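Here's a walk through the structure, going from the overall fold down to single side chains. Keep the view open and follow along.

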Amino acid sequence: MSKTEVIRLPRSPAELDEVVRRCRKMVTRRALASAGAVLVPLPGVDLAADIALLTQLIPAINREFGLTPDQIEDLSPRLKVLVYKAIVASGGALVGRLITRDLILQALVRVGMRVTTKTAARLVPIAGQAVSAGLSSSAMRLVGDSHIRDCRRVIEEVFAEQGVEMPPARPTAAQLLRSAATAVGRLKRTPRA
């Protein structure tokens, strides 16, 4: 990143949505790379690859949101206080921090069951590799998507402090499915004439 590049937080809900979209693409690419690393038959290579991928991914997501330590330091004093306050309120362990191997290992510990299962699954020929690749990909997605949500929460909190109105949240796929199931259930209970 060049010094002449303007570094700033997203300024509108639409810009925030665009940042989230770009970050999700990054997570998807890294999740595929993580799944591919499982195919290397050497023990420990997949975990080392996950750590390397996450030490690149988390700072890249922070950078997209304008939440690296350097970017936060370049903000106005008022905005800097708002950002730090929002980071503390959101509880995002990786937001606005210098990312170290230890922090990445802590993030992987949170999805530890998947990592342990992935390692055990590798012992089963062929099918185990497929299961392990799926678990590796999902663990990478879980950590990446969680970090995106944390960063988004920080920016939304800053928006709220500044009086920027957020559009109503779009329903998730799970919410849409639940509402469709509820509607179908009502139709089944409605007596017919």
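A residue counts as buried when its relative accessible area is under 20%, as exposed when it is over 50%, and as partly exposed in between (1.4 Å probe, protein chains only). By that yardstick, 39% of the chain's 193 residues are buried. Bear in mind that this is a predicted model: local features need pLDDT of at least 70, side-chain atom pairs count only at pLDDT 80 or more, and totals for chains, interfaces and linings use all residues. Residues are numbered from 1 along each chain as its sequence is written, and side-chain values use heavy atoms, with hydrogens and water left out.

Start with the overall fold. The chain has 8 helices and 0 strands, where helices (H or I, at least four residues) and strands (E, at least two) are DSSP runs numbered from the N terminus. Written out along the sequence, the pattern is α-α-α-α-α-α-α-α. What share of the contacts between residues at least 6 apart in sequence joins residues at least 24 apart? The figure is 76%, with contact meaning heavy atoms within 4.5 Å. As for the outside, the chain's accessible surface is about 11,700 Å², and carbon and sulfur atoms account for 61% of that; these areas come from the Shrake-Rupley method with a 1.4 Å probe, and for residues only the protein chains shown count as cover.

Now look inside. A nonpolar core here is a set of buried Ala, Val, Leu, Ile, Met, Phe, Trp, Tyr and Cys residues joined through side-chain atoms within 4.5 Å. The largest one has 39 residues, and those with the most contacts inside it are Leu9, Leu54, Ile61, Phe65, Leu67 and Val83. Two or more residues each come from helix H1 (13-37), H2, helix H4 (77-90), helix H5 (101-110) and helix H7 (127-162). In soluble globular proteins, nonpolar side chains tend to be buried together. To see one of the well-connected members, click on Ile61: leaving aside neighbours within four places in sequence, Ile61 is in contact with Cys23, Met26, Val27, Gly144, His147, Ile148 and Cys151.

Helix H2 is a good one to follow from end to end. H2 covers residues 45-65, 21 in total, and reaches 30 Å from its first C-alpha to its last, close to the 30 Å expected at 1.5 Å a residue; that expected span is 1.5 Å times one less than the number of residues. There's a proline in H2, Pro59. Beyond its neighbours within four places in sequence, Pro59 is in contact with Leu54, Thr68 and Ile99. The C-alpha atoms of Pro59 and Arg97 are separated by 8.5 Å, with their positions 38 residues apart along the chain. Just after H2, Gly66 takes a positive phi of about 80°.

Some polar side chains sit inside too. Asn62, also in H2, is buried at a relative accessible area of 1%. What does the side chain of Asn62 make a polar contact with? The partner is the side chain of His147, at 2.8 Å. (A polar contact is a pair of N or O atoms within 3.5 Å; within protein, one must be able to donate a hydrogen and the other to accept it, and residues adjacent in sequence count only if both atoms are side-chain atoms.) Over in helix H1 you'll find Ser34, buried with a relative accessible area of 0%. A polar contact of 2.4 Å joins its side chain to that of Asp50.

Finally, the charged pairs. Side chains of opposite charge can pair when their charged atoms come close. The structure holds 8 salt bridges, each a side-chain nitrogen of Lys or Arg within 4 Å of a carboxyl oxygen of Asp or Glu. In one of them, Arg22 pairs with Glu64, the closest N and O atoms being 2.7 Å apart. This pair links distant parts of the chain, with Arg22 in helix H1, Glu64 in helix H2, and their positions 42 residues apart. Arg22 is partly exposed at 33%, and Glu64 is partly exposed at 29%. Lys80 and Glu73 form another bridge, at 3.1 Å between the closest N and O atoms; Lys80 is buried at 18%, whereas Glu73 is partly exposed at 46%. Glu161 and Lys85 meet in a salt bridge of 3.8 Å, N to O. That bridge also links distant parts of the chain, from Glu161 in helix H7 to Lys85 in helix H4, 76 residues apart. Bridges that share partners also join Glu18, Arg21, Arg22 and Glu64 into one network.
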